[in-house]
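Welcome! Please take a look at the sequence and the 3D structure shown here before reading on.

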Amino acid sequence: MKKRGPSFETQAIRDFGEVLRGRRTINLYLATPVPEELVSSAIEAATWAPNHHVTEPWRFYLLGKTTIASCVELVRDIVTKKKDARAGEFKAKNWAEKPGWLVVTCQKSDDEVRQREDYAACSAAVQNLMLYLWKAGVGSKWTTGDITREDRFFDIVGIDADRETVVGLIWYGYPKLTPAQSRKPLDEVMTKLP
Ligand SMILES: Cc1cc2nc3c(=O)[nH]c(=O)nc-3n(C[C@H](O)[C@H](O)[C@H](O)COP(=O)(O)O)c2cc1C
């Protein structure tokens, strides 16, 4: 008789798959604040991401009201200069409505391979974080817009540009609207070899 491994058809596995598939990038949030303990737990879970040589290259900056307000004013300034005051006001209003702000950085390395692996590890950590929050009913959005490469943003958050790069600005909150998404069928992205 052929030896079988543990069952992979359990409800727990189907539920886990639903969390992975169901997580969506959220743009519109309710004003309901997310408990800080939940965010801390999600960050702690994020640090269990795989990371080569266990370099633990991630750093997490949880922004409070004052820092968020400075970021909103910064984006207003950037967009106003790039476009016009109306566009700046629109963007600032939109950003001010994001309930939770978290910046994830990756420690820099002179070694190109290590830098690439560390960035990959940080990406895995962000995914851990987003999935943990999603399971708790909290949506998020990972952004890498212009602001995340702007010197003034580094100054506001207190990031040393010589030592860290920004992996993303993560907004989070209870979703007001969950958009639909689709993915390519498996046979378009998977190759099976003999
Ligand atoms: C590294 C990274 C950077 C991203 N940056 C942005 C961004 O700057 N603006 C944005 O609208 N979405 C951004 N996203 C979110 C993607 O647009 C989103 O994941 C994609 O549309 C698929 O939607 P889903 O997350 O709901 O599956 C980013 C995602 C990743 C992984």
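The report below goes through the cores, one helix, two loop residues and the ligand.

This is a predicted model, in which local features need pLDDT of at least 70, side-chain atom pairs count only at pLDDT 80 or more, and totals for chains, interfaces and linings use all residues. Residues are numbered from 1 along each chain as its sequence is written.

Let us begin inside. The largest nonpolar core has 27 residues. Such a core is a set of buried Ala, Val, Leu, Ile, Met, Phe, Trp, Tyr and Cys residues joined through C-beta atoms within 7 Å. A residue is buried if 20 or more other C-beta atoms lie within 10 Å of its own, exposed if 12 or fewer, and partly exposed in between, with C-beta atoms placed from the backbone. Val 104, Cys 122, Val 126, Leu 129 and Leu 133 have the most contacts inside this core. Two or more residues each come from H2, E2, strand E3 (100–107), helix H5 (112–135) and strand E5 (164–173). H5 gives the largest share, nine residues. Helices (H or I, at least four residues) and strands (E, at least two) are DSSP runs, numbered from the N terminus.

Apart from the largest core lies another, of seven residues, among them Val 75, Ala 92, Phe 153 and Ile 156. Val 75 is also one of the buried residues of helix H3, together with Cys 71, Arg 76 and Val 79. Seen down the axis of H3, the buried residues fall within an arc of 145° (taken from the directions from the axis to the C-beta atoms), so they line one face of the helix. Helix H4 (85–96) and helix H6 (151–157) are among what covers them. On the other side of H3, Thr 66 and Lys 81 are exposed.

Next come two residues in the loop between H2 (36–46) and E2 (58–62). Neither His 53 nor Val 54 is a glycine, yet each has a positive phi.

| Residue | Phi | C-beta neighbours within 10 Å |
|---|---|---|
| His 53 | near 65° | 10, exposed |
| Val 54 | about 45° | 8, exposed |

Finally, which residues surround the ligand? They are Arg 24, Thr 25, Trp 142, Thr 143, Thr 144, Gly 145, Gly 168 and Gln 181, where near means a C-beta atom, placed from the backbone, within 6 Å. This shell has one nonpolar, six polar and one charged residue. Here Ala, Val, Leu, Ile, Met, Phe, Trp, Tyr, Cys and Pro count as nonpolar, Asp, Glu, Lys and Arg as charged, and the others, Gly among them, as polar.

Terms used. Two residues are in contact if their C-beta atoms, placed from the backbone, lie within 7 Å.
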